[in-house]
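User: I'd like to go through the inside of this protein with you, starting with how it is packed. Could you show me the model?

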Amino acid sequence: MQLPAKTFIITGATSGMGRGIAERFAREGASLVLSGRNEERGREVAAHIQEQGGKATFLPGDISLPETNHQLVESALENFGRLDGIVTNAGHLGLGAVTDIQPDEWHYTFAANLHAVYYLSHYSIPVMQEQGKGVIIATASIAAYKSFPNHPAYCAAKAGLVALVRQMALDYGPAIRINAICPGPVDTPLIWDSARAFPDPQKAVENAAQTTALKRLGAPQDIAALALFLASEESSWITGTAITIDGGVMATR
Ligand SMILES: NC(=O)c1ccc[n+]([C@@H]2O[C@H](COP(=O)([O-])OP(=O)(O)OC[C@H]3O[C@@H](n4cnc5c(N)ncnc54)[C@H](O)[C@@H]3O)[C@@H](O)[C@H]2O)c1
């Protein structure tokens with residue numbers, strides 16, 4: 001096991017990559033505080049992990065609010081007595097070109113993708129500093145580097161997230177390692193939401209798979225394997241970077 005006796009908070013853990021990361025981390029011995037908005041799904045994920053012999057608790061909430069993030073850190077300390085890392089995975093698309101998207105949706109997209117990472121980092125870093133060690137893994141996107149039609153708020157927020165990760169790595173090293181993951185098209189509910197911005201969503205998802213050199217969508221398990229590497233001692237000299245995991249999409253540019 002690669003994460004024995006470690007405690008992690010994982011946001012957006014009720015579906016897609018977050019669920020994949022949670023299940024993988026639990027199998028590697030980590031105790032987990034899972035966050036999400038859908039209470040029923042969250043409790044189901046935590047129960048599934050417990051049935052498999054893992055340790056997980058679920059706390060519902062909206063991560064675009066500071067207090068939700070504060071409560072997650074408190075829950076880690078109350079339930080498991082420590083906090084070794086956070087995976088800020090939750091994300092929101094906020095579709096619409098600049099002339100279409102309304103200010104509330106623009107701000108919410110930044111709050112869910114970028115401000116939430118500041119909030120959870122703000123509350124968790126002092127705990128990890130006190131313990132002398134910690135890791136932060138932030139799920140950004142290739143949208144940080146590449147434009148997608150009708151995704152301006154999402155692309156800008158993910159680009160900001162990559163910059164935030166670089167900055168925090170300098171501010172909080174050497175004790176805390178901080179990295180971003182930039183996935184390409186991964187088969188989760190979010191990619192189908194994203195496809196709604198295209199005239200033929202089914203075709204858009206198929207095309208997304210074909211834009212990869214490997215001719216398939218990623219699976220949540222592919223992303224979980226990278227998150228595990230970044231969370232483990234195997235990556236002990238990696239910080240302040242954003243690792244693209246996209247089946248080769250960016251290689252075509
Ligand atoms: N699927 C892709 O192709 C793809 C590509 C690049 C990056 N990403 C990023 O990967 C991450 C995980 O997404 P996914 O693809 O697994 O999709 P997903 O829809 O399965 O997961 C996103 C999760 O974030 C949660 N979430 C969103 N806003 C929230 C809020 N305000 N409060 C609490 N939870 C909130 C959602 O409820 C959901 O569970 C996201 O950050 C997304 O932007 C996805």
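**Packing and empty space**

Analyst: The largest nonpolar core has 34 residues, and Ile9, Leu83, Ile136, Leu161 and Ile178 are those with the most contacts inside it. A nonpolar core is a set of buried Ala, Val, Leu, Ile, Met, Phe, Trp, Tyr and Cys residues joined through side-chain atoms within 4.5 Å, where buried means under 20% relative accessible area with a 1.4 Å probe, protein chains only. This is a predicted model, in which local features need pLDDT of at least 70 and side-chain atom pairs count only at pLDDT 80 or more, while totals for chains, interfaces and linings use all residues. Residues are numbered from 1 along each chain as its sequence is written, and side-chain values use heavy atoms, with hydrogens and water left out.

User: Which helix gives the most to this core?

Analyst: Helix 4 does, with nine residues. Helices (H or I, at least four residues) and strands (E, at least two) are DSSP runs, numbered from the N terminus.

User: What does Leu83 touch?

Analyst: Leaving out residues up to four places away in sequence, its contacts (heavy atoms within 4.5 Å) include Phe8, Ile9, Val73, Leu77, Val127 and Met128. Apart from this core lies another of 29 residues, with Ile21, Ala22, Ala26 and Ala56 among them.

User: Switching to helix 7, which of its residues are buried?

Analyst: In helix 7, residues 201-210, they are Ala204, Val205, Ala208 and Ala209. Seen down the helix axis, these buried residues fall within an arc of 140° (taken from the directions from the axis to the C-beta atoms), so they line one face of helix 7. Helix 6 (189-195) is included in what covers them.

User: And how many cavities of 30 Å³ or more are there?

Analyst: A search of the whole structure finds one, with a volume of about 50 Å³. On a 1 Å grid over the protein atoms alone, a cavity is a set of points where a 1.4 Å probe fits but cannot get out, whereas a pocket is an open set with protein on both sides within 12 Å along at least five of seven lines, and lining residues have an atom within 4 Å of a point.

User: What lines the largest cavity?

Analyst: Its lining includes Thr11, Ile63, Asn113 and Leu120, and helix 4 (residues 103-131) gives the most to that lining, with five residues.

User: How much space lies in the second largest pocket?

Analyst: The second largest pocket holds about 240 Å³, and of its 17 lining residues, Lys6, Lys133, Gly134, Val135 and Glu233 lie nearest its centre.

Methods:
Grid points are joined across faces, edges and corners, and a volume is the space filled by probe spheres set on the points. Buried means under 20% relative accessible area, exposed over 50%, partly exposed in between (1.4 Å probe, protein chains only).
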